[in-house]
Amino acid sequence: MNDTGSSERRSAGYWAVVVLAVVIALFGLPIFGGGAYLVWLGGSWYYVLAGIGLLLTAWFLVRASMLAVWVYLVTWVCTLAWAFWEKGFDWWAQVPRLVAPTVILLLVLAAIPVLRRAGRASVRSRSKPSDTRPSGSPRASSEGQSRAKASKRRPGETIIPTAR
């Protein structure tokens, strides 16, 4: 689940996250568009910002990035603040403003294991050695020396890195 464009088989969890991203984008587009129209009429900027938050969340979910969780969490906290600013502690007035965003928050939070797994897979794919220099090159020989030193260390021995 890395962004390298490989054709590796995707998990069912990844596809569930993609479906969630599509649903969130389908909510985000009209909220953003309607919010832009509302701003044009002189109304609140909340809907434009909430639409941007939803669209960014969807984008990061498709890319299997943990940023999706953080972007949606900020969007949800702003929604909470806006709802209380607009209607105060009238709980029945809060229901239509907070129930759907909270359900989406729970779904985004449920996606965390898939996003973390994808993040680890992406880090692993990026950390594979891509240096194809011949073994006689200076970098390859210094890497070989480092590995040889590492194999001679005693258990529990601490190595302090120094600048070269």
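How many residues does H1 have, and how far does H1 reach from its first C-alpha to its last? I looked this up before anything else. H1 has 29 residues and spans 42 Å, close to the 42 Å expected at 1.5 Å a residue.

**Overview**

I'm working with a predicted model here. I found six helices and zero strands in the protein, which reads α-α-α-α-α-α along the sequence. Of the 164 residues, 29% are buried. I also looked up the surface: the protein exposes about 11500 Å², with 67% of that supplied by carbon and sulfur atoms. For contacts between residues at least 6 apart in sequence, 52% join residues at least 24 apart.

**Confidence**

I checked pLDDT before going into detail. The mean is 82, and 67% of residues reach 70 or more. Among the elements, H2 has the highest mean pLDDT, at 96, while helix H6 (residues 138–152) has the lowest, at 55. Over residues 1–7 the pLDDT stays under 50, and the model has 13 contacts beyond four places in sequence for that stretch.

**Back to H1**

I listed the buried residues of H1 and got Tyr 14, Val 17, Val 18, Leu 20, Ala 21, Ile 24, Ala 25, Gly 28, Gly 35 and Val 39. As a reminder to myself, residues three or four places apart in an α-helix point the same way, because there are 3.6 residues a turn. Past the end of H1 I came to Gly 42, which has a positive phi near 100 degrees.

**The cores**

Which residues touch the most other members of the largest nonpolar core? Val 17, Ile 24, Leu 61, Tyr 72, Val 108 and Leu 115 do, out of 24 residues in that core. I then asked where its members come from: H1 (12–40), H2 (46–62), H3 (67–87), H4 and H5 (112–127) each supply at least two. H1 gives the most, with seven residues. I picked Val 17 for a closer look, and beyond four places in sequence Val 17 is in contact with Leu 61, Ala 111, Val 114 and Leu 115. There is also a second, separate core of five residues, and I noted Ala 50, Trp 82, Ala 83 and Leu 98 among them.

**H4 and its kink**

Where does the kink in H4 lie? I found it at Leu 98, shortly before the proline Pro 101, with a bend of about 40 degrees. H4 itself covers residues 91–110. Leu 98 and Pro 101 are both on the buried list for H4, along with Ala 93, Gln 94, Arg 97, Ile 104, Leu 105 and Val 108. Leu 98 also turned up above as a member of the second core, and Val 108 as one of the well-connected residues of the largest core.

**Two single residues**

I stopped at Ala 64, in the loop between H2 and H3. Ala 64 has a positive phi of about 55 degrees, although it is not a glycine. That caught my eye because most residues other than glycine have a negative phi. Is Ala 64 buried or exposed? Its relative accessible area is 9%, under the 20% cut-off, so Ala 64 counts as buried.

Last came Thr 75, in helix H3. Thr 75 has a relative accessible area of 11%, so it is buried too. Leaving out residues up to four places away in sequence, Thr 75 touches Ala 50 and Gly 53. I had already met Ala 50 in the second core.

Conventions:
Residues are numbered from 1 along each chain as its sequence is written. This is a predicted model: local features need pLDDT of at least 70, side-chain atom pairs count only at pLDDT 80 or more; totals for chains, interfaces and linings use all residues. Side-chain values use heavy atoms; hydrogens and water are left out. The bend at a residue is the angle between axes fitted to the seven residues ending there and the seven starting there. Helices (H or I, at least four residues) and strands (E, at least two) are DSSP runs, numbered from the N terminus. Buried means under 20% relative accessible area, exposed over 50%, partly exposed in between (1.4 Å probe, protein chains only). A nonpolar core is a set of buried Ala, Val, Leu, Ile, Met, Phe, Trp, Tyr and Cys residues joined through side-chain atoms within 4.5 Å. Contact means heavy atoms within 4.5 Å. The expected span of a helix is 1.5 Å times one less than its number of residues. Accessible areas come from the Shrake-Rupley method with a 1.4 Å probe; for residues, only the protein chains shown count as cover. pLDDT is the predictor's confidence in each residue, from 0 to 100.
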